[in-house]
Amino acid sequence: QGQAIGKIDFYSADTSTPGAGVKSSITTYVESESSTEGDASSMAFSTSNGAVNNVERVRIDKNGNVGIGTTSPGAKLHVVAPVGTNIGGYNFNFILDAQDNNQVDSNGLLVKGGALSNNAKIFEAQDYNGVSKFAIKGTGNVGIGTTDPTQKLHVNAGTTNTVALFE
C-alpha cells in the first residue's frame, strides 16, 4: 500500500460504541511510480463493524484484482476469511450461494477453468495444508485422492482398503 492520493470519508456523530468519527471510507493509493507503469493505483473500501470504525474490507489493485479480507489480492477474486462463518454448527470461510429460488429452470453454479491442455487441472479442491483431495483434469477425468486421474473416475484410497461406500 502506497501513499493515499484521494479519500472520501463517511462520518457519523453517533457517540455510541465505537464512537463518533469516520465510519466508512473509500481511499485511492499510489501503488507504484515508475516510467513503465506511470502512477499505478489501487482502491480500498472500508466499513465499520459496530465495534471498530473504518476497517478495510475490499481492495482493487492496479491489475484489477479484487481482494476481500486481503490488502494484496493475488487473483481476479481473492477471498481471505480468518474467522469462519458458522452455519449449522460448521465453519465456512467462503460461501458461494448460486441458487435462484425465483426461476424454475435456473442453473446452479458454473465453474470454468482455463485448462489449455488435457493434462492441466481445471478444478482442484485442497485441504488446509494444501493437499489435493479432488481434481478434474482437462480430459474430464475426475480424481479423488489423486491429482493425476487416468480414468473417468480414479479413486486412490491411500493406505485404507475402503475405496467407496454406497448405501
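**Note on the S9–S12 sheet, its salt bridges and a surface patch**

1. Aspartate 127 and lysine 133 form a salt bridge in which the closest N and O atoms are 3.7 Å apart. The model is a predicted one, and the distances and accessibilities in this note are to be read with that in mind. Aspartate 127 is partly exposed, with a relative accessible area of 28%, and lysine 133 is likewise partly exposed, with a relative accessible area of 45%.

2. Aspartate 148 forms a salt bridge with lysine 137, and here the closest N and O atoms are 2.6 Å apart. Because aspartate 148 lies in the loop between S11 and S12 while lysine 137 belongs to strand S10, this pair ties together parts that are 11 residues apart in sequence. The two partners fall into separate accessibility classes: aspartate 148 is partly exposed at a relative accessible area of 43%, whereas lysine 137, at 7% relative accessibility, counts as buried, since the buried class covers values under 20%.

3. A search of the whole structure finds four salt bridges, and one of them joins lysine 7 to aspartate 9, with the closest N and O atoms 3.6 Å apart. Lysine 7 counts as partly exposed at 48% relative accessibility, and aspartate 9 counts as partly exposed at 27%. For lysine 7 the class deserves a careful reading, because a residue is called exposed over 50% and the value for lysine 7 is 48%.

4. Turning to the sheet, four strands make up an open sheet in the order S9-S10-S11-S12, and their pairing is mixed. Strand S9 (121–126) and S12 are the edge strands, each of which pairs on one side only. From one strand to the next, the twist averages 10°. As a general point, the strands of a sheet pair through backbone hydrogen bonds, in either a parallel or an antiparallel sense.

5. S9 and S10 pair in the antiparallel sense over five bridges, and alanine 125 has phenylalanine 134 of S10 as its bridge partner. The hairpin of S9 and S10 has five residues between the strands, and within this hairpin glycine 130 takes a positive phi near 85°.

6. The pairing of strand S10 (residues 132–137) with strand S11 (residues 142–144) is also antiparallel and extends over three bridges. Two of the residue pairs can be named: isoleucine 136 has valine 142 of S11 as its bridge partner, and phenylalanine 134 is partnered in S11 by isoleucine 144. Phenylalanine 134 is thus linked by bridges both to alanine 125 and to isoleucine 144. S10 and S11 form a hairpin with four residues between them, and in its turn glycine 140 has a positive phi of about 95°.

7. What forms the nonpolar patch on the surface? The residues are Ile144, Leu153, Val155 and Val163, which together have about 330 Å² of accessible area. Isoleucine 144 is the bridge partner of phenylalanine 134 noted above, and valine 155 is found in strand S12 (residues 153–155), which is one of the edge strands of the sheet. Valine 155 counts as partly exposed at 32% relative accessibility, and it can join the patch on this count because patch residues need over 30% relative accessible area.

Notes:
Residues numbered from 1 in each chain as written. Predicted model: local features only at pLDDT ≥ 70, side-chain atom pairs only at ≥ 80, totals over all residues. Heavy atoms only, no water. Patch = residues over 30% accessible without salt bridge, like charges linked within 9 Å, V, L, I, M, F, W, Y side chains within 5 Å. Areas by Shrake-Rupley, 256 points an atom, 1.4 Å probe, with all protein chains shown as cover. Salt bridge = Lys/Arg side-chain N within 4 Å of Asp/Glu carboxyl O. Buried < 20%, exposed > 50% of the residue type's maximum accessible area, 1.4 Å probe, protein only. Pairing = 2+ DSSP bridges. Axes fitted to C-alpha atoms, helices over the stretch in contact; angles between N-to-C directions.
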